[in-house]
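Colleague: Please take me through one part of this model closely, starting from a single strand pairing. Then carry on outwards from there.

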Amino acid sequence: TKCESGCVCADGLYENLDGKCVAAEECPCEYGGLAYGKGEQIQTECEICTCTKGKWKCVQKSKCSSTCNLYGEGHITTFDGQRFVFDGSCEYILATDGCSVNRPVSSFKIVTENVVCGKSGVTCSRSISIYLGNLTFILRDETFTISGENHGVRYNVKKNALHLMFDIIIPGKHNMTLIWNKHMNFFIKISRETQETVCGLCGNYNGNMKDDFETRSKYVASNELEFVNSWKENPLCGDVYFVVDPCSKNPYRKAWAEKTCSIINSQVFSPCHNKVNRMPYYEACVRDSCGCDIGGDCECMCDAIAVYAMACLDKGICIDWRTPEFCPVYCEYYN
């Protein structure tokens, strides 16, 4: 359709990304700066898309899931993709159901307890409590305990060198996969069988990130701190009034933080750059690396990079970024 001199394709043929003339059926599709051939597929949590005649044809999955991430020093990405940071030393409800006024009965509740882990006042998620009726999971100190029982819930626990994973099924309501890296990162993946709303710091999971700051009182807060304070599990905890900038409080750490976190922007992660926006993860890494100033600074930095690597993996890009010198994963004893 462009008016320019030079070679053009004959009638019925189209130029592909290599500059060759091909039939419409052979046209590639583009996504995130990468080309996909005829019949190739990409998947999101809700759709399967197939390349057909240069265009994506997408089919909705029968079961749609979404993930809420809590990582590092108070970084949260909600089920609908809203991002925010908070520094509150208290217990907060991450996610629960039974939020509607008509049906206030809850089948699950996930609570995070935040503990101050730096002189600048930043907090890290150190303890996670999962309440399923009379069944309770407590995740703390790199291990977990289970107490009580609930015959209406099925669960399975899996372990590996890096993570604890909990598959939880509440029949007729939710299928959940909870992944904890035994330190500061926690992921909640939910597949719903009903349209029942959820609520908490992970948002209301309605597909619209603009109303994710819905408070416990059912109005949308004007800022994230008002929203966060409304989801305190213990009302006697103090409110959060400001978000700390650890790098301005610890300027001597900023250069080190920027240098070590730059692996996210480097060639190591380049296959993922077009799939997942790296800047929020880089900024979170720098912030956390500045803030972890009472030991564990490398752990904070490695955890932050691991969150970006996991986001890449969700898009089908596996990055081999750890080395014996950089964020190593040690084999189990004598393994």
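Modeller: Start with one bridge: Glu47 is partnered by Gln60 in strand 7. Keep in mind that this is a predicted model. The bridge belongs to the pairing of strand 6, residues 47-52, with strand 7. Six bridges hold that pairing, and its sense is antiparallel.

Now widen the view to the sheet. It is open and has three strands, in the order 5-6-7, with antiparallel pairing. Which strands stand at the edges? They are strand 5 (41-43) and strand 7 (55-60). Each has a single partner strand, so one side of each has no neighbour in the sheet. From one strand to the next, the twist averages 25°.

Next, the wider layout. The chain is divided into three domains: domain 1 covers 13-60, domain 2 covers 65-230 and domain 3 covers 246-315. Between the C-alpha centres of domain 1 and domain 3 there are 33 Å.

Move on to another set of strands, with strand 17 as the hub. Strand 16 (residues 154-159) pairs with strand 17 in the antiparallel sense, again over six bridges. The two form a hairpin, with four residues between them. Tyr155 has Ile168 of strand 17 as its bridge partner. Ile168 also has a bridge partner in strand 18, namely Met176. Strand 18 spans residues 174-180 and runs antiparallel to strand 17, joined by seven bridges. This hairpin has three residues between the strands. There, Gly172 takes a positive phi near 80°.

Strand 17 has two faces. Leu164, Phe166, Ile168 and Ile170 make up the covered one. Met165, Asp167 and Ile169 make up the uncovered one. So Ile168, the bridge partner of Met176, sits on the covered face.

That covered face leads to the aromatic rings. How many aromatic pairs does the structure hold? There are 15. Take Phe84 and Phe213. Their ring centres are 5.4 Å apart and their planes stand at 85°, so this pair is edge-to-face. The pair links distant parts of the chain, 129 residues apart. Phe84 is in strand 10, and Phe213 is in the loop between strand 20 (198-199) and helix 1 (224-230). Phe84 counts as buried, because its relative accessibility is 4%. Phe213 has 13%, and so it counts as buried too.

Phe166 has a ring partner as well. With Phe144, the centres are 5.3 Å apart and the planes are at 90°, so this pair is also edge-to-face. Phe144 lies in strand 15 (residues 143-147) and Phe166 in strand 17 (residues 164-170), so the pair ties together parts 22 residues apart in sequence. Phe144 and Phe166 are both buried. Elsewhere, Tyr71, Phe269, Tyr281, Tyr308, Trp321 and Phe326 form one aromatic cluster.

Now one loop. Ser89 lies between strand 10 (83-85) and strand 11 (91-97). Is Ser89 buried, exposed or partly exposed? With a relative accessible area of 48%, Ser89 is partly exposed. The cut-off for exposed is over 50%, so 48% does not reach it. The C-alpha atom of Ser89 is 7.8 Å from that of Cys237, although 148 residues separate the two along the chain.

Finish with helix 3. Its buried residues are Arg253, Ala257, Thr260 and Cys261. Viewed down the helix axis, they fall within an arc of 85°, so they line one face. In an α-helix there are 3.6 residues a turn, so residues three or four places apart point the same way. The face turned away from the buried side carries the exposed residues Pro251, Tyr252, Ala255 and Lys259.

Look closely at Arg253. It belongs to helix 3, residues 251-261. Arg253 has a relative accessibility of 11%, so it counts as buried. What does its side chain reach at 2.8 Å? It reaches the backbone oxygen of Ser289. A polar atom of the same side chain of Arg253 lies 3.1 Å from the backbone oxygen of Cys290.

How values were computed
Residues numbered from 1 in each chain as written. Predicted model: local features only at pLDDT ≥ 70, side-chain atom pairs only at ≥ 80, totals over all residues. Heavy atoms only, no water. Domains from an automatic or database assignment. Buried < 20%, exposed > 50% of the residue type's maximum accessible area, 1.4 Å probe, protein only. Polar contact = N/O pair within 3.5 Å; in protein donor to acceptor, adjacent residues only side chain to side chain. Arc of directions from axis to C-beta. Pairing = 2+ DSSP bridges. Axes fitted to C-alpha atoms, helices over the stretch in contact; angles between N-to-C directions. Phe/Tyr/Trp six-rings, centres within 6.5 Å; stacked < 30°, edge-to-face > 60°.
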